[in-house]
Amino acid sequence: MNAENFGSSERLVAAAYVRQGAQGRRGHELLLRALLEQGKCPEDGWDESTIELFLHELAIMDSNNFLGNCGVGEREGRVASGLVARRHYRLIHGIGRSGDISAVQPKAAGSSLLNKLTNSVVLDIIKLAGVRTVTNCFVVPMATGMSLTLCFLTLRHKRPKAKYIIWPRIDQKSCFKSMITAGFEPVVIENVLEGDELRTNIEAVEAKIKALGAENILCVHSTTSCFAPRVPDRLEELAVICAKYDIPHIVNNAYGVQSSKCMHLIQQGARVGRIDAFVQSLDKNFMVPVGGAIIAGFDASFIQEISKMYPGRASASPSLDVLITLLSLGASGYKQLLKERKEMFSYLSSGLKKLADTHNERLLDTPHNPISLAMSLKNLDENNDVAVTQLGSMLFTRQVSGARVVPCGSVQTVNNYTFQGFMSHSNDYPCAYLNAASAIGIKKQDVDVFLKRLDKCLKTSRKEGNKEKTVNEICDSNTGTEQLAK
């Protein structure tokens, strides 16, 4: 209510009580005012009533919620189900216009304001997470793979002769298919083994640029967050090479916002060389439903070009989800989650090392990977070729999700490209292994239950492997006896 309505209320309720209510409302409005004026994530999280008040205020600014609105067009924000309308807080028009996902909609001032505020708040969080000099970003209602494709398609207009993308290998299908979908030819650069870690082959990247010609290369497509024993790419060295040969550089930072190391690599890469854009997932970094990503960069005009490349309007759901989440957490709440994730990484690492020692295995030494860990499975691999993959199935049926079991020698063809040793990021990694990650939101209970169930599965797998090995030895022995008898 406005001041006039509060004044009218005093005819019905004692003025002192009405003024007290007005002061309570004023507290909510001060929070909204600070957000609108500063465009930053509030330091302390908002309560749900303030967030819902804010969303209601935005919704009544959209034409579909005007009293007496008469819509005669093909897109008037009509919704058949009240449940659907409530699910979206009656913000039905989406974001952007047909020519620009970041443009303001005349019919939807509230949804447009939501879009602008979300991008501003997310930019503030990216700076807080470690990339201080980022200048622009926007939320796009597509997951990471398609968002990378959008970046590549934007670069096509800048480099019409280019047909290749230099890609240090990472065995994850969506980032590989993002290049194929955009119509480019990935040039796979195999990683080099340094100790247990798989690292970027900088010399091979530069040699390939010289062989193909810089003008024929659309960009270098690097990666930060990844499964151990692969570690984040050498972003600083790659950024220097890109600056040297005037080649764009797109970074797949899928779940790297939660890692200060990954964000530091991006910041340093931009400082010493060239990074044109970096893309990160909403669900993996902010614990919202799948379906959104953030495209960010250091040249505001280039990021704006990418947003204009998106055809048509877009769903506001990812923007709405991440804005609600960040307003709920506040900057302090998000920083606390980042702190807890780091602590859980150390806890998981310590527990997995003890478990590995118990089973005569080894926690692989991957100090450059700040999120993912890997434990060798040499004993299983030696006992039974099938035992490694069976371990993954055993964990999954025991409700352990997210753990990856990687056998040796797996072959996978993706869009007519054949990868040897697929999932291991290498043609011939020395051993089979199991992955586990400490990602944002993980709790101590998750780690404890995982280690307990993994311990049981390893014991079961070893018993079954030993039984089969014994049976095979007996069969071999019997066969040898029969041959001697003959």
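1. Two strands count as paired if DSSP finds at least two bridges between them. The structure under discussion is a predicted model, and the points below describe its sheets, one of its helices and one annotated residue.

2. Strand β1 and strand β9 (residues 293-297) meet this condition, being joined by 5 bridges and running antiparallel. Within this pair, Val-140 has Ala-293 of β9 as its bridge partner.

3. These two strands belong to an open sheet of 7 strands, whose order is β1-β9-β8-β7-β6-β2-β3 and whose pairing is mixed. The edges are formed by β1 (136-140) and β3, each of which pairs on one side only. From one strand to the next, the twist averages 20°.

4. Helix α8 (residues 202-212) has four named residues in the buried class: Ile-202, Val-205, Glu-206 and Ile-209. Viewed down the axis of α8, these buried residues fall within an arc of 90°, and they therefore line one face of the helix. Glu-203 and Ala-211, on the other side of α8, are exposed.

5. The cover over the buried residues of α8 includes three strands of the sheet, β2 (164-168), β3 (185-189) and β6 (217-223). Helix α9 (235-245) is also included in this cover. Just after α8, Gly-213 adopts a positive phi of about 90°.

6. A further open sheet has 3 strands in the order β10-β14-β11, with antiparallel pairing. Its edge strands are β10 (372-376) and β11 (404-406), each pairing on one side only. The twist in this sheet averages 25° from one strand to the next.

7. Between β11 and strand β14 (residues 433-437) there are 3 bridges in the antiparallel sense; in β14, Leu-434 is the bridge partner of Val-405. Helix α13 (residues 317-358) packs on this sheet and touches β10 and β14, its direction making about 0° with that of β10. Helix α15 (residues 387-397) likewise packs on the sheet, where it touches β11 and β14; the direction of α15 makes about 170° with that of β11.

8. Arg-75 carries the feature "binding site" in UniProt, according to an unreviewed entry. This residue lies in the loop between α3 (48-59) and α4 (82-87). Because its relative accessibility is 21%, Arg-75 counts as partly exposed, the buried class being under 20%.

9. Leaving aside residues up to four places away in sequence, Arg-75 touches His-93, Gln-105, Lys-107 and Arg-313. With one of these, His-93, the side chain of Arg-75 makes a side-chain polar contact of 2.9 Å.

Technical notes
Residues numbered from 1 in each chain as written. Predicted model: local features only at pLDDT ≥ 70, side-chain atom pairs only at ≥ 80, totals over all residues. Heavy atoms only, no water. Buried < 20%, exposed > 50% of the residue type's maximum accessible area, 1.4 Å probe, protein only. Arc of directions from axis to C-beta. Contact = heavy atoms within 4.5 Å. Axes fitted to C-alpha atoms, helices over the stretch in contact; angles between N-to-C directions. UniProt positions renumbered as here; feature names shortened; annotations may be inferred. Polar contact = N/O pair within 3.5 Å; in protein donor to acceptor, adjacent residues only side chain to side chain.
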